[in-house]
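Student: Could you show me how to read a few features of a protein model? I would like to start with the basic ideas.

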Amino acid sequence: MAEGTKDEGTRFDAIVVGAGFAGLYMSHRLREAGKTCRVYEAGTDVGGTWYWNRYPGARCDAESLAYSFSFSPALEDEWEWSERYATQPEILRYLGHVADRFDLRRDIRFERRVERAVYDEAACEWTVTTDGGDVARAPVVVMATGCLSVPLVPEIPGLADFEGPKFYTGAWPHEGVDFAGRRVGVIGTGSSAIQAIPVIAAQAAALTVFQRTPNFSVPAHNHALDPDWLADFKKHYREHRRFHRLGLASGFGDLEIEPKEFEPLMNSALEPDDETFDAICEQFWQTGGAIFLRVAQDMMTDEKANARVADFVHRKIRETVKDPETAEALCPRSYPMGTKRLCVDTDYYATFNRENVRLVDLQKSPIDRITATGVRLGGDADEEIELDSLVLATGFDAMTGALSKIDVRGVGGGTLADKWAAGPRAYLGFMVSDFPNLFTITGPGSPSVLSNMVTSIEQHVDLVMDCLAEMEARGARTVAADGEAEEGWVAHVNEAASATLMPKAGSWYLGANVPGKPRVFMPYVAGVGIYRQICEGIVEDGWRGFSFA
Ligand code: NAP
């Protein structure tokens with residue numbers, strides 16, 4: 001339980017849960033509008049996902065100049081990003097700077113995990129309680145809880161028996177970990193592992209990577225930002241930001257080619273002859289980053305087109321990885337490229353050429369159990385791999401995990417957990433019917449994790465502020481999503497996903513990584529530009545689908 005002053009029935013205009021990008025910007029906007037607000041944050045400092053994910057090699061795979069706040073040109077001007085893709089420490093420093101610059105810390109209570117949020121219909125007010133004993137009341141609650149904030153503990157037999165240190169990438173020790181001279185095992189090969197593996201391999205005596213499903217990864221081609229280039233870029237920052245908000249690239253940035261080339265270079269990956277096709281793919285590969293998925297218009301809708309691009313990546317893996325068996329094991333084949341989150345790496349595949357690195361393909365040799373001193377493989381392998389340290393890069397209960405952990409009770413005392421038992425339902429991913437005055441920043445049903453999160457966060461926070469202004473203008477005490485509008489939106493989100501290859505992978509987008517979680521495609525696939533236009537249309541239509549009372 002946290003020390004310090006407690007809120008004891010204190011009343012605020014709004015309560016915000018979380019002090020990452022979303023919570024910080026939300027509290028800033030509320031403050032600017034003259035509203036009182038309390039932010040509860042479980043960590044000891046601001047940062048959200050960037051506070052917890054401190055594993056070696058952690059950096060953002062959206063470009064720094066795009067993955068940063070756009071609301072303050074002065075902030076944009078004064079902050080100097082050092083690299084194309086910022087490291088976790090640099091992003092954390094940035095968020096600390098934002099908190100100080102806008103004096104946001106005084107509204108934040110740290111080391112407070114929100115446990116309950118209960119709506120009182122008569123008073124039109126929420127009561128929020130924390131594990132630090134706070135009780136606070138507010139008409140408005142904003143869930144700024146993040147999409148990837150609840151690390152998953154994998155169900156692997158014997159995990160508790162391991163006697164050496166265990167580290168979760170999503171909850172890494174603040175003091176850092178020295179792997180020098182150690183035999184390290186990494187379980188998982190998602191974005192976190194793919195960033196951590198090359199760095200751990202350079203430190204450890206031996207590294208064993210336990211791979212259940214190979215992931216597609218493209219090179220980051222990260223580099224320091226040239227001060228002259230940066231100064232020139234900043235002259236056109238507004239134009240770039242407009243592109244991030246409205247462009248097809250889901251706000252990711254891709255600064256080295258935009259805004260000149262919005263469109264993918266191929267209408268269809270199936271059209272060009274082999275030489276042209278390879279040259280175009282190579283151009284994207286050399287540019288680096290998640291933009292690779294825009295190489296062809298039909299990349300995410302046509303399986304054959306997707307397979308042709310995947311084959312290009314397989315060839316790149318084979319060219320890089322010297323041992324043919326390891327190279328084959330690293331080639332993803334069981335799902336279309338991009339239907340699991342594309343990874344962006346620095347030297348991931350080349351790391352498997354190191355003498356001290358071994359890949360274990362769990363498809364062939366599954367983990368039988370974890371023992372006190374290592375990992376016992378079953379199947380044909382029948383082998384025990386001795387380890388000193390274990391790294392679990394096993395992912396998150398994504399998008400709904402953080403919200404489901406809070407006991408949220410809306411109209412009639414109904415819980416959010418019950419409402420979402422068969423999968424999340426939210427209007428625009430922004431409000432949930434029967435939970436008035438409760439906003440979910442980048443909630444399920446919004447572009448969120450398929451976009452640059454900062455772009456999407458700013459849009460949702462601005463929408464909250466517009467909604468509160470509308471309430472005031474109408475003299476309303478409550479706003480709620482209509483059940484029918486919510487049903488329609490959920491159907492639209494599903495329909496949009498079904499028109500793509502996205503549901504074809506057992507991804508965390510679908511909840512497939514969490515045993516027992518209902519399989520519902522959670523993010524909205526149409527991109528930030530289309531989503532923003534839809535939201536603007538709804539507002540222009542007098543907040544269609546929302547009821548003010
Ligand atoms: P993840 O993508 O969900 O990867 C988890 C990995 O652990 C997968 O390879 C999974 O295999 C494996 N795994 C899970 N349970 C296992 C088990 N019982 N036995 C063996 N393997 C198991 O998680 P993540 O890497 O933390 O990334 C999550 C998301 O966070 C990313 O997709 C991205 O959106 C975000 N992220 C972003 C950055 C960045 O900006 N650079 C960095 C890190 C993360 P299966 O595939 O077989 O399930």
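Tutor: Here we go through a pair of helices, a small group of strands and one residue in a loop; keep in mind that this is a predicted model.

Student: How are two packed helices described?

Tutor: Two packed helices are described by the angle between their axes and the distance between those axes. Here, helix 7 (residues 237-246) packs on helix 16 (residues 528-540) at about 80°, and their axes are 6 Å apart. Angles from 65 to 115 degrees count as roughly perpendicular, so helix 7 and helix 16 are roughly perpendicular to each other.

Student: Which residues make the contact?

Tutor: Helix 7 brings His244, Arg245 and Leu246, while helix 16 brings Val528, Gly529 and Arg532. Sorted by class, this contact has two nonpolar, two polar and two charged residues.

Student: Now the sheet, please. What is the order of its three strands?

Tutor: The order is 15-16-17 in an open sheet with antiparallel pairing. Strand 15 (367-370) and strand 17 are at the edges with a single partner strand each, so one side of each has no neighbour in the sheet. From one strand to the next, the twist averages 20°. Strand 15 pairs with strand 16 (residues 374-377) over three bridges, and arginine 369 stands opposite arginine 376 in strand 16.

Student: Is aspartate 388 buried or exposed?

Tutor: Buried means under 20% relative accessible area; aspartate 388 has 19%, so it is buried. Aspartate 388 lies in the loop between strand 17 (383-386) and strand 18 (389-392). Beyond its neighbours within four places in sequence, aspartate 388 has contacts including Phe162, Pro165 and Arg182.

Definitions and conventions
Residues numbered from 1 in each chain as written. Predicted model: local features only at pLDDT ≥ 70, side-chain atom pairs only at ≥ 80, totals over all residues. Heavy atoms only, no water. Axes fitted to C-alpha atoms, helices over the stretch in contact; angles between N-to-C directions. Helix = DSSP H or I, 4+ residues; strand = E, 2+ residues; numbered from the N terminus. Parallel < 35°, antiparallel > 145°, perpendicular 65-115°, else oblique. Contact = heavy atoms within 4.5 Å. Nonpolar A, V, L, I, M, F, W, Y, C, P; charged D, E, K, R; others polar. Buried < 20%, exposed > 50% of the residue type's maximum accessible area, 1.4 Å probe, protein only. Pairing = 2+ DSSP bridges.
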